[in-house]
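Here are my notes on the model, as numbered points. Please read them with the structure open.

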4 protein chains.
Amino acid sequence: MTEVSKSTAAGSVGIEHPRDSYRVLRAISTRWGDNDVYGHVNNVQYYAYFDTAVNGWLMSATGSDIRQLDAIGIVAETSCRFLRPLSFPDILQAGLAIEKLGTRSVVYRIGLFGNEDTQPAAVGRFVHVYVDAVSRRPVEIPVDIRRALQTL
Amino acid sequence: MTEVSKSTAAGSVGIEHPRDSYRVLRAISTRWGDNDVYGHVNNVQYYAYFDTAVNGWLMSATGSDIRQLDAIGIVAETSCRFLRPLSFPDILQAGLAIEKLGTRSVVYRIGLFGNEDTQPAAVGRFVHVYVDAVSRRPVEIPVDIRRALQTL
Amino acid sequence: MTEVSKSTAAGSVGIEHPRDSYRVLRAISTRWGDNDVYGHVNNVQYYAYFDTAVNGWLMSATGSDIRQLDAIGIVAETSCRFLRPLSFPDILQAGLAIEKLGTRSVVYRIGLFGNEDTQPAAVGRFVHVYVDAVSRRPVEIPVDIRRALQTL
Amino acid sequence: MTEVSKSTAAGSVGIEHPRDSYRVLRAISTRWGDNDVYGHVNNVQYYAYFDTAVNGWLMSATGSDIRQLDAIGIVAETSCRFLRPLSFPDILQAGLAIEKLGTRSVVYRIGLFGNEDTQPAAVGRFVHVYVDAVSRRPVEIPVDIRRALQTL
C-alpha cells in the first residue's frame, strides 16, 4: 500500500517515526469488537485510539479533568495512514508528538504500535481547536494545557 | 475553524461541494451513543458513516456481497475535516464522489450532510486498495466494482 | 438455541411477540462495523439499537430534547435474547412496548426485526430509572414522559 | 436503584460477589468515547467489556485463537445490572466466574470493578452456545475450552 500512500496529499504525515522517537507512549488494549469481518481492527477504531490517547494524556499531564475546563478541545480535522494490520487481542502503544502548536489550536502526530513493534502500524494526525465550553467560539489554548503540550 | 483547516495538508480535500453536486446520497441514521460528552457526534463516528456509505453503496451498485469476492477493499488511508456539528437524532446523507480511480485503488470524496442541509457538516477522503482476499497482496479492482465506480 | 434460552432466568422475557403486536416501530439502519469476525451483527450492537430506539422515540413522542430535562433516564438493567442473526446491510425495525410502568422507573420490552421479518431476531428488556439531572437522586418520571409512555 | 433491581427477573444474578471472590480478573482500559452525554460510560459499552473479557481470557487460557476452531461460541443471551457509574479514564477489572457449565453451552457471571473498587459497578450474565463454525448447528464445547472453563 506504500505506493498509494505516497501519492496522497496526506503523505507528508507519513515520515515513519519509530517507537523510540516518541516521548510519550500511551497503552491501549484492543477489544473483541474492534476486529471486523476481515479479521483485523476496523479503520474506524484507530480514531477511537487517537481520541483516547490524546485526551487521556492531557488529563494525566495536566492533572485535571479537561472536560470541566472553560475551554475545550474540539476536533477540527483528523487523518490516518494504515500501514500494517492490528488485531485483538493486543496492547497497543500510541506515541504522541506535536506537529504544530498554535495559539488556539494544536496538531498532534500519533504513531500506533503493535505490542512489541518498533515500526508503526498506523500514523495519524489529529487537530484540536480550543473553543469556549459554552459559546463554542474559538479561544486561546488554556495555560495548563499549553504547558503540558510544551513538554511533548 | 476554517482558518485552521486552510493551513493543513489535507486542506485541498475541502473544496466544499454542496449536496446537489453528489450523484449518490446514502441515508445514515445517527445513534444515541454517537454523541459524546460535549453533546455532539464524536469525531470517530464520522468514519463509521464513511465505511457504511462506501461499502453499502458498493453492495447496492454491484448487486453482490463484496465481502465474498476474491478481491476485497482494504482501507489504506482516511481523513476528515469537521465543519459543523452533527447530533442524535438525525438522518444524515452521505454524498459519494470519486476523486481518483486507479488500477488497484480508488479515492472517494465523501460529503456528510445534516438532514436538510445543503452545505456539508464534514468532508472526508477514503482510500480503498484492493487485495486478494486470501493472500492480501494488491490486485486490480474487480470488474464489477470498477463498472460501478465509473458511474459515480 | 431455544433450549438454552428456556432454561435461563430471563426466559420469561422471551414470549415472542410478532412484529404487528408492537404499536411503535423505529427504523434503525445497520452499519458496516456492526458485523464482527463471524459475519453477523455483534451482540454489543443490539444494545446500541435499544438505546437509540428508546431515546429516539421519547424525543419524538414528547417533542422535547430529553437530555435537557430536569430528570433524566439512567439505565439500571438491560438484557437481550438473541434468536436469529442480523447483518449489514439492513434496515431493522425496533418494536417498543411497556412491560411495567412504575412511579420512578419504566421497563421496556424491545423486539428487533430484520427488514421484512415478522418474527423477532432478538428480544430485549430495558430498564430506565429517572434521576435528578444534577444530584442523580431518584425522582418521579417527568409528566411529559409519563404521558408518552401511557400511549405505548 | 436497588429497589428496582431487586424486583426484576434478573435479580438472582445480582448477589454481589466482591472482587476477591473472582479467580480471574481481566484488565480493560476505558476509552474517551465510552462516556456518553451524561458523563459516564454508556450502558452499551459494558457489553463490549464482557465480550472482550470472556474471549480474551479464552484465548489466553487455551493458548489458541478461538476464532479458528471448528466450533465457535455464539452469544445466545446477555444481561447486565448497572450498580455504580464508570468513567473514562479508568482501568477496569472484569472478574470471570462460571454460573453453569453445560454440554453445549456455558453461562458466565461477570463482575466489573472500577480501578480500586472491591464492590462491583456492574454484574453481568453472558451465555455462549457452541456451534459448528461452518454449519452453525449446535455442537459440544471443544475439549480445550471445556478444560479451561473447569479451572474458573
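1. Chain C superposes on chain A with an RMSD of 0.0 Å, by a turn of 180 degrees and a shift of 0.0 Å along the axis. The fit is by least squares on the C-alpha atoms of residues with pLDDT of at least 70 in both copies. The two copies are thus related as by a two-fold rotation axis. Val37(C) is the residue of chain C that comes closest to this axis, at 2.1 Å (C-alpha).

2. This is a predicted model: local features need pLDDT of at least 70, side-chain atom pairs count only at pLDDT 80 or more, and totals for chains, interfaces and linings use all residues. Residues are numbered from 1 along each chain as its sequence is written, while chains are lettered from A and ligands numbered from 1 in the order in which they are written.

3. Confidence comes next. The predictor gives the complex an ipTM of 0.89 and a pTM of 0.91. Chain A averages a pLDDT of 90 (the predictor's confidence in each residue, from 0 to 100), and 90% of its residues score at least 70. Residues 1-14 of chain A fall below 50, and this stretch has 33 contacts in the model beyond near neighbours in sequence.

4. How many residues does the contact between chains C and A take from each chain? It takes 7 residues from chain C and 7 residues from chain A; two residues are in contact if their C-beta atoms, placed from the backbone, lie within 7 Å. On the side of chain C that touches chain A, 2 are nonpolar, 4 polar and 1 charged. Here Ala, Val, Leu, Ile, Met, Phe, Trp, Tyr, Cys and Pro count as nonpolar, Asp, Glu, Lys and Arg as charged, and the others, Gly among them, as polar. The copies meet through the same surface, because 100% of the interface residues of chain C are also interface residues in chain A.

5. Now the sheet. An open sheet of 10 strands runs in the order β1(C)-β3(C)-β4(C)-β5(C)-β2(C)-β2(D)-β5(D)-β4(D)-β3(D)-β1(D), with antiparallel pairing. Strands (E, at least two residues) and helices (H or I, at least four) are DSSP runs, numbered from the N terminus; two strands pair if DSSP finds at least two bridges between them. β1 (24-29) of chain C and β1 (24-29) of chain D stand at the edges, each with a single partner strand, so one side of each has no neighbour in the sheet. The twist averages 30 degrees from one strand to the next.

6. Within chain D, antiparallel strands β2 (residues 71-82) and β5 (residues 122-132) are joined by 11 bridges. Phe82(D) has Ala122(D) in β5(D) as its bridge partner.

7. Helix α2 (residues 43-62) of chain D lies across β2 of chain C and β1, β2, β3 (91-101), β4 (105-113) and β5 of chain D, at about 130 degrees to β1(D). Axes are lines fitted to C-alpha atoms, for helices over the stretch in contact, and angles run from 0 to 180 degrees between N-to-C directions.

8. The axes of α2(C) and α2(D) come within 8 Å and cross at roughly 175 degrees. The two helices are therefore roughly antiparallel (angles over 145 degrees). Asn43(C), Val44(C), Tyr47(C), Ala48(C) and Asp51(C) meet Asn43(D), Val44(D), Tyr47(D), Ala48(D) and Asp51(D). The residues of this contact divide into 6 nonpolar, 2 polar and 2 charged.

9. Check the other helix pair too. Helix α2 (residues 43-62) of chain A and helix α2 (residues 43-62) of chain B pack at about 175 degrees, with their axes 8 Å apart. That makes α2(A) roughly antiparallel to α2(B). The residues of their contact comprise 6 nonpolar, 2 polar and 2 charged.

Definitions and conventions:
Angles under 35 degrees count as roughly parallel, over 145 as roughly antiparallel, 65 to 115 as roughly perpendicular and the rest as oblique.
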